[in-house]
Amino acid sequence: MQNIFRSKMSRTLVIGDIHGGFKALQQVLERAGVMKNDQLIFLGDYVDGWSESSQVVQFLLELSEIQECIFIKGNHDA
Ligand SMILES: [Mn+2]
């Protein structure tokens, strides 16, 4: 019953401080069970930290074409 209800509900999910952690980003999206009708708000700091900043940015650009995304610029992204 809960799954049927959830499938019709859209959520707003907020993600911050990815810092080049592409694998961690994949894991958090998977564990949150992100669906097409969820809105994603990214709080910035996409780069600096882990070594996969380019993969993170490429992935988010592609994701934004199929999913409602809002990107805020963090202090590390200036
Ligand atoms: Mn940060």
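These exercises walk through a predicted model of a protein chain with a manganese ion.

**Exercise 1. The layout of the chain**

Find how many helices and strands the protein chain has, and the pattern they follow along the sequence.

Solution.
- Start with the count. The protein chain has three helices and three strands.
- Now read along the sequence. The pattern is α-β-α-β-α-β.
- Place the helices. α1 covers 2–8, α2 covers residues 22–31, and α3 covers 53–63.
- Place the strands. β1 spans 12–15 and β3 spans 69–71, while β2 holds residues 39–42.
- Turn to burial. Of the 78 residues in the protein chain, 31% count as buried.
- End with contacts. Take those between residues at least 6 apart in sequence: 82% of them join residues at least 24 apart.

**Exercise 2. The sheet**

Work out the strand order of the sheet and whether the pairing is parallel or antiparallel.

Solution.
- The sheet is open and has three strands, in the order β1-β2-β3. The pairing is parallel.
- β1 and β3 are the edge strands, and each pairs on one side only.
- From one strand to the next, the twist averages 15 degrees.
- Take the pair β1 and β2. Four bridges join these parallel strands. Within this pair, T12 stands opposite Q39 of β2.
- Take the pair β2 and β3. Three bridges join them, and they too run parallel. Here F42 has F71 in β3 as its bridge partner.
- Add the helix. β1, α2 and β2 form a β-α-β unit, and that unit is right-handed.

**Exercise 3. Strand β1 and residue L13**

Sort the side chains of β1 by face, then list what L13 touches.

Solution.
- The side chains of β1 alternate. L13 and I15 point to one face and are buried. T12 and V14 point to the other face and are not buried.
- Check L13 against the cut-off. Its relative accessibility is 19%, and buried means under 20%, so L13 counts as buried.
- Set aside residues up to four places away in sequence. L13 then touches A32, V34, D38, Q39, L40 and I41.
- Pick I41 from that list. L13 and I41 lie 28 residues apart in sequence, yet their C-alpha atoms are 6.1 Å apart in space.

**Exercise 4. The manganese site**

Name the protein donors of the manganese ion, then ask of each donor residue: buried, partly exposed or exposed?

Solution.
- The protein donors are D17 (OD), H19 (NE2) and D45 (OD). They lie 1.9 to 2.4 Å from the ion.
- Look at the spacing in sequence. It reads D-x1-H-x25-D.
- D17 has 48% relative accessibility, so it counts as partly exposed.
- H19 has 17% relative accessibility, so it counts as buried.
- D45 has a relative accessible area of 6%, so it is buried.
- Locate two of the donors. H19 sits in the loop between β1 and α2. D45 sits in the loop between β2 and α3.
- Check the backbone. H19 is not a glycine, but its phi is positive, at about 50 degrees. D45 is not a glycine either, and its phi is positive at about 65 degrees.

**Exercise 5. Two loop residues, R11 and Q67**

Find the loops that hold R11 and Q67, and say which backbone oxygens lie by the side chain of R11.

Solution.
- R11 belongs to the loop between α1 and β1.
- A polar atom of the R11 side chain lies 2.9 Å from the backbone oxygen of A32.
- A polar atom of that R11 side chain also lies 3.1 Å from the backbone oxygen of G33.
- Q67 belongs to the loop between α3 and β3.
- The relative accessible area of Q67 is 7%, so Q67 is buried.
- Leave aside neighbours within four places in sequence. Q67 is then in contact with V34, M35, K36, D38 and L40.
- Compare with the list for L13. V34, D38 and L40 are among the residues that L13 touches, and they are among the contacts of Q67.

Conventions
Residues numbered from 1 in each chain as written. Predicted model: local features only at pLDDT ≥ 70, side-chain atom pairs only at ≥ 80, totals over all residues. Heavy atoms only, no water. Pairing = 2+ DSSP bridges. Axes fitted to C-alpha atoms, helices over the stretch in contact; angles between N-to-C directions. Polar contact = N/O pair within 3.5 Å; in protein donor to acceptor, adjacent residues only side chain to side chain. Donors = N, O, S within 2.8 Å, 3.2 Å for Na, K, Ca; no water. Buried < 20%, exposed > 50% of the residue type's maximum accessible area, 1.4 Å probe, protein only. Right-handed = clockwise from strand over helix to strand, strands pointing away. Contact = heavy atoms within 4.5 Å.
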